[in-house]
Amino acid sequence: MLYPAAMDGKQHNETDPFTHAIVRPPGATFSDGITSADLGRPDLALARVQHQGYVGALERCGLQVTVLDPDDRYPDATFVEDTAVMTREWAVVTRPGALPRRGETAAVGDELARRFPALFAMEPPGTLDGGDVMAAGARYFIGLSGRTNADGAAQLTRFLGDRGCSAVTIALKSLLHLKTGVSWLGGDTLLVAAELADCEAFAGFRKIVVDPAEAYAANCIRVNDHVILPGGHSHTKSALEAAGYPVIPVDVSEFRKMDGGVSCLSLRF
Ligand code: CIR
């Protein structure tokens, strides 16, 4: 633990609106990041424009957005979600599972330390990417993935338990991160990819199952009154709207080429 241990029984109230987000635009080395997508190299200029559009969507949802400087040493640093798990009450700086990404946490940790007097940092041998952590109010789901190991999940589970939150782990087979395949929409509703639809951990949730042809859209973010969804997924957009969620589509094609989705691009609190 690098920082003084935290907090005193408070937990995120699921009705609290988000007021802030932290983002980090793609840097000059963006296309050198890790990817398995096989969609070609991203166009950096377009990625920057799309990132601005994404920030605009967060602002439209009422958030004040803090923009960190890009750091060309870390091509994946724009996927800032993986570097922390946080609510408005507390923050945990993660230890990302991919070695080339580990240094990304320094700038995020500095920013969070300004906001949170007590900031927890994960310790070796634990690894955890924020993309593997889905909160549904005080219930947390942690994906065990190629990035998040059992020790990382256990550290976070203990931290959450001390704050009155529950956590269960879900072993992932093929997804990069848990939230690649599932998004909490608030209350008891999930947007879920077919491969996680029957996951026992999600029994009891109402599920909107994503058409397999639109599996990428399973990663979306509910931000206050809206759902920010990757553009071009009309079936999912219609399903969300029919369920009563106003949708803001954002074009993130260049981030998809680097295995990123809409949740990865911000920390929201
Ligand atoms: C990586 O492989 O780490 C990045 N290229 C993509 C990270 C996406 N993050 C996320 O889904 N939370």
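User: By class, which residues make up the shell around the ligand?

Analyst: In this predicted model, the shell around the ligand is divided into three classes. Nonpolar residues number four and polar residues three. The charged class contributes six residues.

User: Which residues come nearest to the ligand?

Analyst: The ligand is surrounded by 13 residues, each with a heavy atom within 4 Å of the ligand. Those that come nearest are I34, D76, R101, R147 and M258.

User: How far from an oxygen atom of the ligand is the polar side-chain atom of R101?

Analyst: R101 is among the residues that come nearest to the ligand. A polar contact requires a pair of N or O atoms within 3.5 Å. For R101, the distance from a polar side-chain atom to a ligand oxygen is 2.7 Å.

User: Which atom of the ligand is 3.0 Å from an N or O atom in the side chain of E81, and how much of the ligand's accessible area does the protein cover?

Analyst: The side chain of R147 places an N or O atom 2.7 Å from an oxygen atom of the ligand. For E81, the ligand atom at 3.0 Å from the side-chain N or O atom is a nitrogen. On its own, the ligand has 350 Å² of accessible area, and the protein covers 98% of that area.

User: Which pocket holds the ligand, and what is the volume of that pocket?

Analyst: The ligand sits in the second largest pocket. The volume of the second largest pocket is about 550 Å³.

User: Which residues lie nearest the centre of the second largest pocket?

Analyst: The lining of this pocket comprises 14 nonpolar, eight polar and nine charged residues. In total, 31 residues line the second largest pocket. Nearest its centre lie L176, T180, Y216, D259 and G260.

User: Which strands each supply at least two residues of the lining of the largest pocket?

Analyst: The largest pocket holds about 650 Å³ of space. Its lining has 32 residues, with F18, A135, W184, R222 and R268 nearest the centre. The strands that each supply at least two lining residues are β3 (84–86), β6 (133–136), β9 (182–184), β12 (221–223) and β15 (267–268).

User: How much space lies in the largest cavity?

Analyst: The structure holds one cavity of 30 Å³ or more. Residues lining the largest cavity include R24, P25, F30, D71 and Y74, and by class this lining has seven nonpolar, three polar and two charged residues. The space in the largest cavity is about 40 Å³.

Key: Residues numbered from 1 in each chain as written. Predicted model: local features only at pLDDT ≥ 70, side-chain atom pairs only at ≥ 80, totals over all residues. Heavy atoms only, no water. Polar contact = N/O pair within 3.5 Å; in protein donor to acceptor, adjacent residues only side chain to side chain. Areas by Shrake-Rupley, 256 points an atom, 1.4 Å probe, with all protein chains shown as cover. 1 Å grid on protein atoms, 1.4 Å probe; cavity = no way out; pocket = protein on both sides within 12 Å on 5 of 7 lines; lining within 4 Å. Sits in = over half its atoms within 2 Å of the grid points. Nonpolar A, V, L, I, M, F, W, Y, C, P; charged D, E, K, R; others polar. Points joined across faces, edges and corners; volume = space filled by probe spheres on them. Helix = DSSP H or I, 4+ residues; strand = E, 2+ residues; numbered from the N terminus.
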